[in-house]
Amino acid sequence: MARHSKVVRWLGGVAAVGLAGGCYCWFDYTTQHKMRRLKKKWNPSDAGVRLVNIVTAPVRPAMTLGELARLDGGGHRTYFAGAGFVFDASGSEAFRRAYPAWAGRDASYSLATMSLAAEDVGRTDWGSLTDKERRVLDDWVAYFMQRFPCIATLSEWDAFVVADAAKPS
């Protein structure tokens, strides 16, 4: 009898995990970013990245622009930053082909202004962005949160946000 109750509890746990996983997959599918919808095929791997980014949000370490610069793909890792978040694009061959200039750099200004110009990569005059450009940047970051693991926050961006909030309106 004891063995039977252990099996029932184990099956109940498996069912609960399966139900939770199914609910999250449904949530991800129905709320995925419009850029992910362009693929026409839902990717559970992207759903997993999104879940990890949601769960780890409160415990991300801080990284400086200098530390980010060392992760430019020359070694094993390819990181880039946008709106204060540092993303790991190491597993994306498409990223390395399309956006090599962003590797190890902050792409916030480039993303906000929709510019691939080399002089816009790494710019840190984030205060010059208009409200519309900030919304564009936020939209890109929302997509990257569903596409790439977010492994850190950018210290300089955090300082900018604090200084920006302290300005009189």
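A residue counts as buried when its relative accessible area is under 20%.

**Figure 1. Overview of the predicted model.** This model is predicted. Of the protein's 169 residues, 33% count as buried. The protein has eight helices and four strands. From the N terminus on, its elements run α-α-α-β-α-β-β-α-α-α-β-α. Among contacts with a separation of 6 or more, 60% join residues 24 or more positions apart.

**Figure 2. Phe95 and Tyr99 form an aromatic pair.** A pair of aromatic rings is described by the distance of the centres and the angle of the planes. By the pairing rule, the count comes to 18 aromatic pairs. One of them joins Phe95 and Tyr99, with 5.9 Å from centre to centre. The planes of Phe95 and Tyr99 stand at 45 degrees, so the pair counts as tilted, being neither under 30 nor over 60 degrees. Is Phe95 buried or exposed? Phe95 is buried, because its relative accessible area of 4% is under 20%. Tyr99 has 29% relative accessibility and counts as partly exposed.

**Figure 3. Trp140 and Tyr143 form an aromatic pair in helix α7.** The ring centres of Trp140 and Tyr143 are 6.4 Å apart. Their planes make an angle of 70 degrees, so the pair is edge-to-face, which needs over 60 degrees. Helix α7 covers residues 131–147. Trp140 and Tyr143 are three residues apart in this helix, so about one helical turn separates them. Trp140 counts as buried, at 19% relative accessibility. Tyr143 is buried too, with a relative accessible area of 11%.

**Figure 4. Ring pairs build a cluster.** Which residues do the ring pairs link? The cluster holds Phe80, Phe85, Phe87, Phe95, Tyr99, Trp102, Trp140, Tyr143, Phe144 and Phe148. Tyr99 and Phe80 are both members. They lie 19 residues apart in sequence. In space, their C-alpha atoms are 9.9 Å apart. Tyr99 is found in the loop between α5 and α6.

**Figure 5. Arginine charges sit over aromatic rings.** The charged end of Arg123 is placed over the ring of Tyr109. The distance to the centre of that ring is 3.6 Å. Arg147 has its charged end over the ring of Phe148, 5.3 Å from the centre. Phe148 also belongs to the aromatic cluster.

**Figure 6. The largest pocket is lined by residues that include aromatic ones.** Its volume is about 160 Å³. The lining consists of Met35, Ser92, Ala94, Phe95, Tyr99, Trp102, Trp140, Tyr143, Phe144, Arg147 and Phe148. Which helices each supply at least two residues of this lining? They are α5 (93–98) and α7. Helix α7 gives the most, with four residues. By type, the lining residues divide into nine nonpolar, one polar and one charged. Phe95 and Tyr99, the tilted pair, both help to line this pocket. So do Trp140 and Tyr143, the edge-to-face pair.

**Figure 7. Thr153 lies in strand β4.** Strand β4 covers residues 150–154. Is Thr153 buried or exposed? Thr153 is buried, because its relative accessible area of 16% is under 20%. Leaving out residues up to four places away in sequence, Thr153 touches Arg60, Pro61, Ala62, Met63, Gly84, Phe85, Val86 and Asp158. One of these neighbours, Phe85, is also part of the aromatic cluster.

Conventions. Residues are numbered from 1 along each chain as its sequence is written. This is a predicted model: local features need pLDDT of at least 70, side-chain atom pairs count only at pLDDT 80 or more; totals for chains, interfaces and linings use all residues. Side-chain values use heavy atoms; hydrogens and water are left out. Rings of Phe, Tyr and Trp (its six-membered ring) pair if their centres lie within 6.5 Å; planes under 30 degrees apart count as stacked, over 60 as edge-to-face and the rest as tilted. Buried means under 20% relative accessible area, exposed over 50%, partly exposed in between (1.4 Å probe, protein chains only). A charge sits over a ring if NZ of Lys or CZ of Arg is within 6 Å of the ring centre and within 35 degrees of the ring normal. Contact means heavy atoms within 4.5 Å. On a 1 Å grid over the protein atoms alone, a cavity is a set of points where a 1.4 Å probe fits but cannot get out, and a pocket is an open set with protein on both sides within 12 Å along at least five of seven lines; lining residues have an atom within 4 Å of a point. Grid points are joined across faces, edges and corners, and a volume is the space filled by probe spheres set on the points. Ala, Val, Leu, Ile, Met, Phe, Trp, Tyr, Cys and Pro count as nonpolar, Asp, Glu, Lys and Arg as charged, and the others, Gly among them, as polar.
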